[in-house]
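Reader: I would like a close look at one part of this model, with the helix packing there described in some detail. Please place that part within the whole chain as you go.

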Amino acid sequence: MQCYNVLWSVLEMSFTLRLLVSCGDCYHGRLLLIWSQSVRSLSSGPRISRSLRESYRLLQLPDEGSSSPVQVKEAYLRLAKLYHPDSGVPTADAVLFARVEEAYRAVLAHQSKVKQLSGEKEAEAEDEDKSRGAALQHRHYLSYEGVGTGTPSQRERQYRQIRVDRASEQVLNYRQQEHERAAAGEGALVERDMRQRSRKIKITQAVERLVEDLIQESMARGDFRNLSGAGKPLNKFEHNPYADPMTHNLNRILVDNGYQPPWVVTQRDIREATAQIRNRLLDGQARLSDPVTPRESREWEELCASVEEELVKLNKLVDNYNLIVPMLSMQMVHFSLSREIECAVKGARQRRLQQQTERERERERRKEEKKRANAAVMTKNRKHGLVSWMQNLLR
C-alpha cells in the first residue's frame, strides 16, 4: 500500500512539473527545483523489509527504527542471557540464539545505513543553503559558487584553490574523526602508545637528518680526503673471495658490538653445563675410598640422581641447539649418565695416579734436600775440625 501511495505522488508531481516547464517562468523554475528534490527524497526513502521487521520483532523492538544502538545492544544482551547455549539456564537454545544474533547484526546494519543517509541529506541541504546565500543574483557570478574576483580565468583558479583547501580540510577532519574513534574504542592507552611511537619516529628521523647533515658538512670541508688507504682496494676478503661483502660487514658489526647468534649462546651454555656436571661427578668419585663405605655409597647415589635430572634438561637444550645450528656437522648427541659416570671413574683413577706420582716426587725431592743438608753439615764440620786442629798445632 505504501508503494502505491509513493507511486501516485510521483505521478502527480511529474504532471505538475510538465505544466511548470511549459510555463517557463523563473518562479515556477524554483518550484520545479524544490519539487524535484521532494521526489528524490520520496524515491530514496528508507523502506523496512519483511525480514528486517522480523528481526525487530525477534529483538522485541519497535519497527519504526526509533530505538538507539544502546537499546538494541541491551535487548541483544538480555536475549543472549536467556538463549545462549553456555549460559546454563533452562531456556538455552543454540538455534534461537543464532537467530537472535543474526537479527542483532541486521538491525545494526539497518541503523547505520539510515544514519548515513540522514547525514548525507543534511549535508546536501546545508551545502545548498550556503550556495544560495553566497551566490549573487547577477549572471556573471552564478558560476564558481560566486567565489573570487577578476576575470573568469582568475576566478576559476581561485575556485580551484578553494576546492583544494576544502578537500584538504575534509581529509584532516576525517583523519581526526578516525583517530578519535580509535581512541574511544581501544582506550587512552592505545592513544598514548601512538603518541609515543610517533615521537620516537620523529626523534629517529631528526637524528638521522642531523647525522646526514654532519656527514655532508665534513665532506664539504674535505675531512674524508686524507683517510688512510684512500684510492686503494679493500683487502678484507682475501681469506674468502667468494664471501658476500654485505654479509661480512654485517657480521663484523654484530661481533664488534658484542652480539652473538642464538646457536652460539646455546652452545656456550651446553659447554658450561657439561663441564659443571663432569666436575661434580669427578669430585664425587675422587672422594670415594678404596673400600667404599655405606655412607659414601649413599652420597654417590644421591649425586647420580641429581646429575640425571640435570642431564634431562641438558638434552632438551641439545635438541634446541640442533634445530638452530647452521651446519649439520656441528650438531651434538645426547648425554648419557652411564658414559659420564664411566668418564668420571677414569678421570678419578687418573687423578689418583697423578696425585700418587706427585707424592712420590715430593718424597724424593725431600730426600734429596735432606741428603744435601746432611752433606753440607758434614762438610761444615770437617772444615771446622781442620781449622781447630791447625790452631792447636800453631799453639
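Author: What follows is a connected account that begins with the whole chain, turns to the packing of one helix, and ends with a few individual residues.

The model is predicted, and its protein chain holds 11 helices and 0 strands, so that, read from the N terminus on, the order of elements is α-α-α-α-α-α-α-α-α-α-α. Of the 395 residues in the protein chain, 15% are buried. When contacts between residues at least 6 apart in sequence are considered, 48% of them join residues at least 24 apart.

The part to examine closely is helix H9, which spans residues 262-286 and has packing described here against both H10 and H11. With helix H10, residues 294-324, the axis of H9 comes within 10 Å, and the two axes cross at roughly 165°. Because an angle over 145 degrees counts as roughly antiparallel, H9 is roughly antiparallel to H10. The crossing of H9 with H10 is left-handed, and the residues of this contact divide by class into 15 nonpolar, 6 polar and 3 charged.

The packing of H9 with helix H11, residues 337-394, has an angle of about 55°, with the axes 8 Å apart. H9 and H11 are therefore oblique to each other, and their crossing is right-handed. On the H9 side, the residues that meet H11 are Arg278, Leu281, Leu282, Asp283, Gln285 and Ala286, while H11 contributes Glu340, Ile341, Ala344, Val345, Gly347, Ala348, Arg351 and Arg352. Sorted by class, the residues of this contact comprise 7 nonpolar, 2 polar and 5 charged.

The loop between H10 and H11 contains valine 325, and this residue leads back to the same region. Valine 325 has a relative accessible area of 10% and is buried, since buried means under 20% relative accessible area. Leaving aside residues up to four places away in sequence, valine 325 touches Trp263, Met330 and Gln331. Its C-alpha atom is separated by 9.0 Å from that of glutamine 267, although valine 325 and glutamine 267 are 58 residues apart along the chain.

Elsewhere in the chain, a search of the whole structure finds 1 aromatic pair. This pair is formed by tyrosine 76 and tyrosine 104, which are stacked, with 4.2 Å from centre to centre and 15° between the planes. The pair links distant parts of the chain, as tyrosine 76 belongs to helix H4 (residues 69-83) and tyrosine 104 to helix H5 (residues 94-134), 28 residues apart. Tyrosine 76 is buried at a relative accessible area of 14%, and tyrosine 104 also counts as buried, at 16% relative accessibility.

A last residue to consider is glutamine 158, which lies in helix H6, residues 152-186. Glutamine 158 is partly exposed, with a relative accessible area of 31%, because that value falls between the limits of 20% for buried and 50% for exposed. Not counting residues up to four places away in sequence, glutamine 158 touches Gly148 and Thr149. Glutamine 158 also lies 9.1 Å from tyrosine 144, C-alpha to C-alpha, with their positions 14 residues apart in sequence.

Definitions and conventions
Residues numbered from 1 in each chain as written. Predicted model: local features only at pLDDT ≥ 70, side-chain atom pairs only at ≥ 80, totals over all residues. Heavy atoms only, no water. Axes fitted to C-alpha atoms, helices over the stretch in contact; angles between N-to-C directions. Helix = DSSP H or I, 4+ residues; strand = E, 2+ residues; numbered from the N terminus. Parallel < 35°, antiparallel > 145°, perpendicular 65-115°, else oblique. Left-handed = near helix turned anticlockwise from the far one by under 90°. Contact = heavy atoms within 4.5 Å. Nonpolar A, V, L, I, M, F, W, Y, C, P; charged D, E, K, R; others polar. Phe/Tyr/Trp six-rings, centres within 6.5 Å; stacked < 30°, edge-to-face > 60°. Buried < 20%, exposed > 50% of the residue type's maximum accessible area, 1.4 Å probe, protein only.
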